[in-house]
Amino acid sequence: VRSNVELTFSIDGATKEVYEHIRRGAVFEKVIEKVNLINELRERLNPKMETRLNVLVMRANYHQLEYFLDFAKQYKFNNLFFNSAGCDFKNLEENVFYYNRDKDILGYLNKIRNRLAERAKAYGVRLENWLPSLYFFNAAQANDEQKNSKGIATSKQEDFAVDDKLFCHAPWQRLYVD
């Protein structure tokens, strides 16, 4: 706390049931206890220290994104980071972004994207929403359909073609320097 670092908590469920379903063997109350302890130390020793809540979005928790905003506010997180389960996340049932694309879930996430940003701003929580847009997946599908017989894309979607082997959408949607 005195070192003035940003401390990150990875909490993938905003409720006990979802958290313990995802993090098998974990105890939700223990996590909350540790968050409260850090907040107490932060208030006493270094109020400028920041905390970040990381959420890996998947089938089991996508419906909780708005609750995560309330959670972040309640537990005094400065930053809230939504990230997609990437290609290295091999749980096919949970990975709705790459291996088991779910258009309904992707459509829902796109629908609430602006509302999440507005609520985060109102709460004073910095939101980093790194979830791929529905456009990314629509472009991939369109690209697959437009390939010629040799498997080469014959047209581009807004100046780039998304290859069906491309897993990381980040280079086309953001720049992150750490």
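**Notes on helix H4 and the aromatic pairs**

1. Right after H4 comes Gly124, which has a positive phi, near 75°. Helices here are DSSP runs of H or I of at least four residues, and strands are runs of E of at least two, numbered from the N terminus. Please keep in mind that this is a predicted model, in which local features need pLDDT of at least 70 and side-chain atom pairs count only at pLDDT 80 or more, while totals for chains, interfaces and linings use all residues. Residues are numbered from 1 along each chain as its sequence is written, and side-chain values use heavy atoms, with hydrogens and water left out.

2. The length of H4 works out nicely: its 21 residues (103–123) should span 30 Å at 1.5 Å a residue, which agrees with the 29 Å between its end C-alpha atoms. The expected span is 1.5 Å times one less than the number of residues. H4 also has a kink of about 40°, centred on Ile112; the bend is the angle between axes fitted to the seven residues ending at a residue and the seven starting there.

3. At the N-terminal end of H4, Asp102 acts as a cap, with a side-chain oxygen 3.0 Å from the backbone nitrogen of Asp104.

4. Which residues of H4 are buried? They are Ile105, Leu106, Leu109, Ile112, Leu116 and Ala120. Buried means under 20% relative accessible area, exposed over 50%, and partly exposed in between (1.4 Å probe, protein chains only). An α-helix has 3.6 residues a turn, so residues three or four places apart point the same way.

5. Now to the rings. Those of Phe, Tyr and Trp (its six-membered ring) pair if their centres lie within 6.5 Å; planes under 30 degrees apart count as stacked, over 60 as edge-to-face and the rest as tilted. The count is eight aromatic pairs. Phe9 and Phe77 are edge-to-face, because their centres are 5.7 Å apart and their planes are at 80°. Phe9 is in strand S1 (6–10) and Phe77 in the loop between helix H3 (65–74) and strand S3 (79–84), so this pair ties together parts 68 residues apart in sequence. Phe9 counts as buried at 14% relative accessibility, and Phe77 is buried at 3%.

6. Phe81 and Trp130 are edge-to-face too, with centres 5.0 Å apart and planes at 75°. Phe81 counts as buried at 11% relative accessibility, as does Trp130 at 17%.

7. Finally, ring pairs link Phe9, Tyr19, Phe28, Phe71, Tyr75 and Phe77 into a cluster.

How values were computed:
Polar contact = N/O pair within 3.5 Å; in protein donor to acceptor, adjacent residues only side chain to side chain.
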